[in-house]
Amino acid sequence: MNHYRELRRALARRLGPRALIHLEGGRSVPRNFDVDYVFRQNSDFLYLTGVEEPGCHLVLEPKSGREILFVPRVDSHHRVWEGHVPSPAEAKTLFGVDRVMYADELKKVLGRRAVAPKARLRDALDELRAIKSEGELALMRRANEVSGAAHRAVMAATRPGMREYEIQAVFEAECMKAGMRHLAYPSIVAAGVNGAVLHYRRNDAVLRAGELLLIDAGAELKGYAADITRTFPADGKFSRRQRDVYQIVLETQKDCIQAARPGVVSADLHVRSMRRIAEGLKSLGILRGETDGLVEGGAVRLFYPHGLTHMLGLDVHDTTGGKKRKMPNPTKVPVRFVAKLEPGFVITMEPGIYFIDALLRDPALRRKHKTSVDFAKVESFLDFGGVRIEDDIVIRPEGPPLNLTSVPKEIAEVEAACAR
Ligand SMILES: [Mn+2]
């Protein structure tokens with residue numbers, strides 16, 4: 001309760017005493033006749049209230065310190081079908097807001113008074129949401145613990161012959177059993193070559209012996225996301241080739257995690273990861289030439305085409321921190337998330353190596369990178385799929401970040417977690 005009140009006060013302070021803040025929560029969206037999509041509250045509304053019910057509003061009046069939560073007025077028909085909905089009196093204790101009214105009274109309260117322009121409110125929220133409070137970190141730590149346990153359960157339960165969705169069911173059942181009924185994003189459960197499809201969503205193929213399984217999945221708690229990826233062998237033992245590629249990704253990830261400190265620019269970390277991966281692929285004989293050229297010329301991107309990191313919070317790709325934090329990309333590689341890391345940022349660390357048919361068989365790309373890439377060697381990897389390892393970390397004022405994710409990732413640990 002207190003943590004939400006503190007966040008509301010911080011927003012009020014930021015917008016000044018003359019502002020009148022009105023925030024509308026999410027509304028139910030119909031899926032088809034009499035059926036709504038599973039409701040997920042608007043992230044800003046969750047940030048300020050923790051209220052997970054649809055149809056609510058929040059009004060803050062910084063000058064008087066007044067806070068009013070508006071809840072929908074429901075009739076007896078609604079109660080018959082949907083059950084009890086908290087009354088204003090109940091909502092007051094439930095959500096720790098001084099005053100609760102019905103949503104149909106909103107107009108009466110706002111009258112003709114001007115509310116803070118949307119862009120100003122947006123920016124203030126983005127600035128605040130970038131730095132996680134202790135209360136938020138506690139929720140994120142818990143979402144990560146439960147998701148981590150679910151990843152370990154998946155390693156223990158997976159066998160060749162299972163469908164990807166059966167493995168998905170293991171993950172999601174573990175989260176639900178621990179009380180987390182919502183996922184932070186649709187689970188990616190990708191066997192073999194599907195691991196090279198970055199946003200794979202079909203999850204219906206059979207996992208075969210000798211293949212890797214890549215699972216990118218996380219639960220959310222009060223809206224706060226965990227975003228974790230692990231890649232492990234279907235039969236519990238890495239092959240020589242799988243081990244070689246995996247080790248490059250793992251070393252890259254560990255190196256970038258320890259380098260994530262306040263003041264470091266996220267884009268520089270991305271370049272750091274590209275260099276590590278370029279060197280690893282050189283050691284496998286897949287890439288050749290100067291590392292700088294491989295990074296700046298784009299050859300590495302054929303095998304590692306996504307970002308190293310993104311902000312994490314109430315959105316799985318969370319706000320990048322508002323206008324004040326915008327800065328030019330200091331590197332020569334295109335990257336979407338460019339920010340100086342600050343204490344209290346929660347970010348992911350997720351390098352990967354993939355053998356993506358659509359890129360590696362593209363004639364124009366083959367011509368462009370023919371001196372940097374041994375395409376004959378690449379052919380023998382087109383059945384490989386991909387490896388990604390992703391943890392969630394908190395930037396601390398000093399020293400290395402706090403890693404929220406505790407799931408086996410060293411080769412020996414992964415094999416032990418997969419032991420039959
Ligand atoms: Mn991620």
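The legends below describe close-up views of a predicted model.

**View 1. Strand 9 and its burial.** Strand 9 spans residues 212-217, and 6 of the 6 residues in this strand are buried, so the strand is largely enclosed by the rest of the structure. In a regular strand, the side chains alternate between the two faces of the sheet. Both faces of strand 9 are covered, with L212, L214 and D216 buried on one side and L213, I215 and A217 buried on the other.

**View 2. The strands paired with strand 9.** Strand 8, formed by residues 188-191, runs antiparallel to strand 9 and is joined to it by 4 bridges; within this pairing, V189 has I215 of strand 9 as its bridge partner. Strand 12, formed by residues 228-233, is also antiparallel to strand 9, and 6 bridges join the two. In this second pairing, A217 stands opposite I228 of strand 12.

**View 3. The manganese site.** The manganese ion is coordinated by D227 through OD, H310 through NE2, and E350 and E390 each through OE, at 2.1 to 2.4 Å. Along the chain, these donors follow the spacing D-x82-H-x39-E-x39-E. H310 lies in the loop between helix 11 (291-296) and strand 13 (346-349), whereas E350 lies in the loop between strand 13 and strand 14 (352-354), so this pair ties together parts that are 40 residues apart in sequence.

**View 4. Burial of two manganese ligands.** H310, one of the residues that coordinate the manganese ion, counts as buried because its relative accessibility is 11%, under the 20% cut-off. E350, which also coordinates the ion, is likewise buried, with a relative accessible area of 8%.

Key:
Residues numbered from 1 in each chain as written. Predicted model: local features only at pLDDT ≥ 70, side-chain atom pairs only at ≥ 80, totals over all residues. Heavy atoms only, no water. Buried < 20%, exposed > 50% of the residue type's maximum accessible area, 1.4 Å probe, protein only. Pairing = 2+ DSSP bridges. Donors = N, O, S within 2.8 Å, 3.2 Å for Na, K, Ca; no water.
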